[in-house]
Amino acid sequence: MADKQRVMIVGGGLAGLSAAMRMAELGLDVDLISLTPVKRSHSVCAQGGINSVNQLTRQQGDSEWLHFDDTVYGGAFLQHQPPVKEMADWAPRIIDLMDRLGVPFNRTPEGFRDQRRFGGTLFKRTAFAGATTGQQLLYALDDQVRRWSVAGKVSLHETWDYLGPVLDDAGTCRGIVAQDLVTMEIRAFPADAVVIASGGCGLIYGRSTMSMVCTGSAASRTFQAGAKYANAEFIQVHPTAIPGADKLRLMSESARGEGGRVWVPRTPQDKRRPIDIPEDERYYFLEECYPEYGNLVPRDIATREIFNVCTNEGLSVEQDRLCVYLDLTHLPREMLDAKLGGILEIYEKFQGVDPRSVPMKIFPAVHYSMGGLWVDYEKSASGGLVVGSPRNQQTSIPNLYAIGECDYQYHGANRLGANSLLSCIFSGLVVAPGIVNLLKGAKQAAADETQLMAAAQARYQDDHDRLLRRPAGGANPYLLHQQLGNVMTKAATVVRSNDALDEAYGQVCQLNEQARRCSLSDTGNWTNQNVVFTKSLRDMFPIAKAILLGARARDECRGAHFKPEFAMPGLEATDPAEHRREAEAWCDRFEQNTAKWLKTTIATLDGDDEVKLSYEEVDTSLIPPRPRLYGLVGAEVIDEVWKTRQQSKSADGRDGADGRASAAPKTAAAH
Amino acid sequence: MSEPHTNGHAGERTFEVRILRQDSPRTASYWERHRVRYEPDMNVTSVLQRIAAQGETIDGDPVAPVAYESNCLEEVCGSCTMIINGRVRQACSALVDKLLADRPHEIELQPMSKFPVVRDLFVDRRRLFRALEKVHAWLPVDGYYDLGPGPQRSQEDQQRAYPLSECMSCGCCLDACPQYAHVEVERKAGETDEQFRARQNAIFDVNFVGAHAISQAVYYNAHPTGKLNAGERVDALMEAGGVQVCGNAQNCVAVCPKEIPLTTSIARAGRQATKRIFTQWFDQ
């Protein structure tokens, strides 16, 4: 029976390809479907780099534990800690592996991998290949998968769209139904395990830094089949992008990692050329507010500061939109070309200005979904993962897995820069041995389920045929998509309020109704991109609703989710005793808020396609949650009060600040 | 820059787009005209998005959206390659302001010429990826267990390799190449997917591999690990359709959007092939 077993991977970005490559090595037969030739996946857009502790930072006091700590602290403690710990432990070996696969990482004069600094850490932890690191990593994995494809272990089905999972009567996943984007053939693929690796859902916001395939439709179709969707409301808005009529193009955090400075003129909408504005008339607001991290504060904070300086202080470079300068002009050209060439060319090509000599005008843009399909894990005795457990990365549907950006596992309420490439490759590598073990216990191969497959295929064929027969005169799907994007961008990005979220929810429900009745301008059955887009638009609504309802219910501020009404501002009193009392009160409130809101939001769909929310506890057993104090007024006193409390509370004397002492040294090889 | 055309409606600035459409692989192509309202920061991708949303031609005839591939929209994925005003390039980085400055009032779009048209501007570039298989464009590593870091490399070595690794397999170099002929393999009745693919690959393999694949072979041959089996790649480049087919027109390097030194790669591949012939000859 084992010879009939196959695994289906949906998506060929970093996560899907690393899973395919590792499964092939472990002897599994793999099918992989992708909307595009896998080499064109969205991972190519990742620019800055990939994080791990390394030889150099280790000697400066860094460790896997500190990488783990930065990740959960930057993520406002919303992620389960065992998978994150395991990821940080694997990180150095993952980068070694990618190095062996030929990724042209930048080098030091001695020939070792070079590193730069990224947001949310004080260490130079980020390995990089110019400013196209995602592209370089993807190509190395693509080349490996091509090798397995030639060897017959991986079958690539490129330009296929995943329509949904096939579940048996017991609710176990037995395969998928997919559609060929060229011939429009709908076909069931039996699979003994299915791995969704379909990336983010930025297109729900209309324009974002994401690629055209990032509609979230695969995750949504899995959600609609009954899988739980977690932390939908946590959407990262990247502080630095450039706007276009079709998309918002990313300007990597690595620009700041290499010394780029963010500023606005102190005079509102100063008409002078930026280069002519003298130093003392520039407001380097990130450096002033965050002397420790400077321009490399976590992304949620940088984005909110840009919003604040533009909206509340009225200092936007351009009136009516959030725009600040990102300045590289003080840095040597040769260095810029060697380390940031890729993004500078993008700016030059699309804006027609050389960012080596003129400060870039940049804007915040929707960038990453921290939330995604809920997935399980099995915790080991040392606090990491039991590698090889079939529970790792499994969704709430048996035998159906999710990895990469479409899972919710690694980034909590805010992702740190250069951790996404890591989480994609890690989740791809770690899912493989678990599936090997899952299949060992399987009784019957999915390939024998011919009736189940035929019925599922017929159901999707029927849906497709009905769509093509829609009468004319309904709404235009492309215009509906623009409207949805506008509503979501207005209500559910940097700053959120309950009134705006309520209003947006009503509007999204109306648009959803219109989408159910929208008309196609192409009713043919050959390479019909109109019907494929309409299907993905339809599937944006369940996730859009989960985002809005999750945000509406969460009355607090955590990472990327910010409601001013529930913000905890810094301390005001100048009198030391009063200052101390304020700090005590601040910590009380923090504790209450943690007890109430340090929970995973779980969205499910009920029988009427209504989104229902519930909450699950977060495993914070390794590093106790502590206040996130980046740049807060009174941070030192709050920190002091907090530590005193923790010490008196904790019997074993371990707290967030010295928790690293308990990190067990890891020597196990990557599996 | 010349101002885009202003037509009747309230001084609205518009321009015309002429598109060579084709409904399916075996039907005839035809030109279709559209009028698009000018907006700042437009590129050809956003023009195609507007045309899809409009759903009608310049004459008001309802039409299906134009089929084309697109993904990253920042010229790193290679999807949206097409012929724009006579030049093969990516739609995303083709800015409307610049196009209208060069040719006022009108933009002309055609599918790539060397690949079979699937529909409209969407072509089948499978042959391009097959060429990467043919030249063994990968490192045959021992496996994916932890075996330590990769080989140390000099900065100079990395700086030389990196540009070659930016190749996004878009196919511009192939479309512009006089030696890269259009190859279209029709599926026979009763042929399975596997049979068709095998026959198609056999035909692809005797035709020119193209500059992109030669450059990828050279890229991996220069890697310290890749050097260990460089002979395999050089052998592939010496078969029918190999590096000897290059006629040195140098169009490839002129159209490459990533400015990859393709002719340098071809010259290096040629030298590697010559060296291999001599080595094999002396070894006999």
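How far is the sulfur of B:Cys80 from the closest cysteine sulfur?

**View 1. Surroundings of B:Cys80 in the predicted model.** The closest cysteine sulfur to that of B:Cys80 belongs to B:Cys92 and lies 3.8 Å away, which is too far for a bond. A disulfide is here a pair of cysteine sulfur atoms within 2.5 Å; by this rule, the count over all chains is 0. B:Cys80 has a relative accessibility of 4% and is classed as buried, where buried means under 20% relative accessible area, exposed over 50% and partly exposed in between (1.4 Å probe, protein chains only).

**View 2. Surroundings of B:Cys252.** B:Cys252 takes part in no disulfide, and the nearest cysteine sulfur, in B:Cys173, is 6.4 Å away. At 9% relative accessibility, B:Cys252 is likewise buried.

**View 3. The hairpin of β3(B) and β4(B).** Strands are DSSP runs (E, at least two residues), numbered from the N terminus. Strand β3 (residues 81–84) of chain B pairs with β4(B) in the antiparallel sense over 4 bridges; pairing requires at least two DSSP bridges between two strands. B:Ile84 has B:Arg87 as its bridge partner in β4(B). The hairpin has 2 residues between its strands, and B:Asn85 in the turn adopts a positive phi of about 50°.

**View 4. The two faces of strand β4 (residues 87–90) of chain B.** B:Val88 and B:Gln90 make up the covered face, whereas B:Arg87 and B:Arg89 make up the uncovered one.

**Notes.** Residues are numbered from 1 along each chain as its sequence is written, and chains are lettered from A and ligands numbered from 1 in the order in which they are written. Local features need pLDDT of at least 70, side-chain atom pairs count only at pLDDT 80 or more, totals for chains, interfaces and linings use all residues, and side-chain values use heavy atoms, with hydrogens and water left out.
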